[in-house]
Amino acid sequence: MPKQVINSPKIVRSFTTTTAHATKARGFVFVTGQVPNNPKQDPRAGREYEMGGIEEQITQVMENIKAILDEAGTNFDNVVKRNVYLTHAGDFQICYKVMERYFTSGVASTGVITGLVPTSARVEVDVIAAMPD
């Protein structure tokens, strides 16, 4: 089965035409790293905008991922791997507390402290999810 490109109409498209929201292949969905882009604000307009505090940002990231997983036909229960990128180590506890609302069971996870693009983003998350049986 060839790969399938997934783009959700509920969230902002990528800066590039070669980056999809996700790719589905061999029973898995690979979700592109999501920053807290609000669907009502288009980051492609060439300006930075306020993304709010860490709780607002991680909530928006998780809602973006939820929309992508829904579009692909899966959900958070099927996520097998999660990568979390934070710009501030002090955001760790708040970030993971919010994610507990979306992930109801354990998941393999990696956390990294790094810089992000756009620079106003304090968190980025990408996931790999299995398709339901």
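Q: What makes the stretch joining strand 2 and strand 3 a hairpin with an unusual phi to look at, and which residue carries that phi?
A: In this predicted model, the hairpin of strand 2 and strand 3 has 2 residues between the strands, and R26 takes a positive phi near 50°.

Q: How do you know that strand 2 and strand 3 pair?
A: Pairing takes at least two bridges. Strand 2 (residues 22–25) and strand 3 share 4 bridges, in the antiparallel sense, so they qualify as paired. One of the matches puts A25 with F28 in strand 3 as its bridge partner.

Q: What makes strand 3 and strand 6 a pair too?
A: The cut-off is again at least two bridges. Strand 3 and strand 6 run antiparallel and are joined by 5 bridges, so they count as paired. Look for V29, which stands opposite A129 in strand 6.

Q: Why is the contact between D91 and R122 called a salt bridge?
A: The rule asks for a side-chain nitrogen of Lys or Arg within 4 Å of a carboxyl oxygen of Asp or Glu. For D91 and R122 the closest N and O atoms are 2.7 Å apart, so the pair passes. D91 lies in the loop between strand 4 (79–86) and helix 2, and R122 in the loop between strand 5 and strand 6 (123–130), so the salt bridge ties together parts 31 residues apart in sequence.

Q: Why is D91 called buried, while R122 is called partly exposed?
A: Buried means under 20% relative accessible area, and partly exposed runs from there up to 50%. D91 comes in at 5%, so it is buried. R122 has 25%, so it falls in the middle class.

Q: How do you know that E55 and R101 form a salt bridge?
A: Their N to O distance is 3.8 Å, and the limit is 4 Å, so they make the cut. E55 sits in helix 1 (residues 54–72) and R101 in the loop between helix 2 (92–99) and strand 5 (108–113), 46 residues apart.

Q: Why does R101 count as exposed but E55 as partly exposed?
A: Exposed starts over 50%. R101 has 53%, so it is exposed, whereas E55, at 46%, is partly exposed.

Q: What makes E100 and K97 a salt bridge, and why is K97 called exposed?
A: The side chains of E100 and K97 meet at 3.7 Å, N to O, which is within 4 Å and so counts. K97 is at 56%, over the 50% mark, so it is exposed.

Technical notes. Residues numbered from 1 in each chain as written. Predicted model: local features only at pLDDT ≥ 70, side-chain atom pairs only at ≥ 80, totals over all residues. Heavy atoms only, no water. Buried < 20%, exposed > 50% of the residue type's maximum accessible area, 1.4 Å probe, protein only.
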